[in-house]
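Reader: I would like a close look at one part of this protein, the aromatic pairing, and at what surrounds it. Please start there and work outward in plain terms.

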Amino acid sequence: MAPSVHLSQSAPLELKLSDGRWLSISERRTQEGGVVGIYADITTLKQREEELSCLVDSLAVARDEAQEANHAKSRFLATMSHELRTPLNAILGIGDMMREEAEEAGLDDLLDPLGRINRAGRHLLQLVDDVLDLSKIEAGRLEVQIEDLPLRSFVADIETTVRLLAARNGNRFVCDCPADIGNVQADPTRLRQVVLNLLGNACKFTERGEVRLDVSCDAGRIKFAVADTGIGISEEQLPKLFAEFTQADASTTRRYGGTGLGLAISRRLCRMMGGDIGVVSKPGIGSTFTAWLPARPDVRR
């Protein structure tokens, strides 16, 4: 039998019985001046509430553990990256010295293997640098240093490097940057990293074609549009492009190599400077990656 309860408030009273059941008890006054008590069994509802509360607590614990694991991973990657850079730089320095000595001594049969050592070492060093950048970004320790950057001279410096990259695959490099384009407020080192990454990818995935850089200012945005006539990217593969350690597909990785970190890092750097990167592409026709920054950014660090 339900207990007799007199309510002085209008809100229902929730009461737990000795047998574990829950009742919701409310009163309604009749027109004759009497009181009608309404009893509802809400045991199932209370059980669901308790289950939901336990689930929320479990998810909170899992979230905290995942965040701590992610921070630990970032700290580990940052430490290991620093430890790897020192011996790698030593190997590259010795390799360069041995190659110079082989050239002076006329030991042409040693030039090719020493060149392979040098290329492999620099590839590994690039991977270490990318992992270090990513770990710093994830740990919130990478900061951008904003300066007032003259765009025309900035682009002219990049042109020299990219023309050599384009020539390796027989590509023609075209650059269009107006002389009066003015300045942009950005981190010169990080902006150079972003633009060179986009141009390097374009040169790598294009053979005997054209790679183009168009720099423009539109509606308060500085845009760096990198277009190529390379292999292109399918619509299904586009969502994967900016994920860490990911390229369009496995065959691309096997043929062209790469760390799968460049685009992910470039997008994060652009966003830290208040901008972003977008892409349009068609398989067999080519791709256009556009990195943009506000001329006067609200920098997020």
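Author: The structure, which is a predicted model, holds one aromatic pair. The partners are Phe154 and Phe224, whose ring centres are 6.4 Å apart; their planes meet at 75°, over the 60 degrees required, so the pair counts as edge-to-face. Phe154 belongs to helix H3 and Phe224 to strand S8, so the pair ties together parts that are 70 residues apart in sequence. Both partners are on the inside of the fold by the numbers. Phe154 has a relative accessible area of 8% and is buried, and Phe224 is buried as well, at 1%.

Phe224 leads on to the core. It is among the residues with the most contacts inside the largest nonpolar core, together with Leu191, Leu199 and Leu213. That core has 44 residues. In soluble globular proteins, nonpolar side chains tend to be buried together. The elements that give two or more residues to this core include helix H3 (151–168) and strand S8 (221–228), the two that carry the aromatic pair. Also on that list are helix H2 (108–138), strand S6 (183–186), helix H4 (188–204), strand S7 (210–218), helix H6 (262–272) and strand S10 (286–294). H4 gives the most, with seven residues.

Leu199 shows how the pieces meet. Setting aside residues up to four places away in sequence, Leu199 touches Ile158, Val162, Phe173, Val211, Leu213 and Val226. A second residue to look at is Ala202, which is placed in helix H4. Ala202 has a relative accessible area of 3%, under the 20% limit, so it is buried. Beyond its neighbours within four places in sequence, Ala202 is in contact with Val211, Val226 and Asp228. Val211 and Val226 are thus named among the contacts of Leu199 and of Ala202. From Ala202 to Arg212 the C-alpha to C-alpha distance is 8.7 Å, with their positions 10 residues apart in sequence.

The loops at either end of S7 each hold a residue worth a look. Arg208, in the loop between H4 and S7, has a positive phi of about 50° although it is not a glycine. Ala219, in the loop between S7 and S8, is another non-glycine with a positive phi, here about 55°. Arg208 has 67% relative accessibility, and Ala219 has 76%; the limit for exposed is over 50%, so both count as exposed.

Aromatic rings also take part in another kind of arrangement, with a charge over the ring. The charged end of Arg267 sits over the ring of Phe242, at 3.8 Å from its centre. Likewise, the charged end of Lys46 is placed over the ring of Trp22, 4.7 Å from the centre of that ring.

Trp22 lies in strand S2, which covers residues 22–29 and runs antiparallel to strand S1 (residues 13–16), joined to it by four bridges. One of the bridge partners is Leu15 with Leu23 in S2. Five residues separate S1 and S2 in a hairpin, and Gly20 in the turn has a positive phi of about 95°. On to strand S3 (residues 35–41), S2 has seven bridges, again antiparallel. Glu27 stands opposite Gly37 in S3. S2 and S3 likewise form a hairpin with five residues between them, where Gly33 in the turn has a positive phi of about 95°.

Conventions. Residues are numbered from 1 along each chain as its sequence is written. This is a predicted model: local features need pLDDT of at least 70, side-chain atom pairs count only at pLDDT 80 or more; totals for chains, interfaces and linings use all residues. Side-chain values use heavy atoms; hydrogens and water are left out. A nonpolar core is a set of buried Ala, Val, Leu, Ile, Met, Phe, Trp, Tyr and Cys residues joined through side-chain atoms within 4.5 Å. Buried means under 20% relative accessible area, exposed over 50%, partly exposed in between (1.4 Å probe, protein chains only). Contact means heavy atoms within 4.5 Å. Two strands pair if DSSP finds at least two bridges between them. Rings of Phe, Tyr and Trp (its six-membered ring) pair if their centres lie within 6.5 Å; planes under 30 degrees apart count as stacked, over 60 as edge-to-face and the rest as tilted. A charge sits over a ring if NZ of Lys or CZ of Arg is within 6 Å of the ring centre and within 35 degrees of the ring normal.
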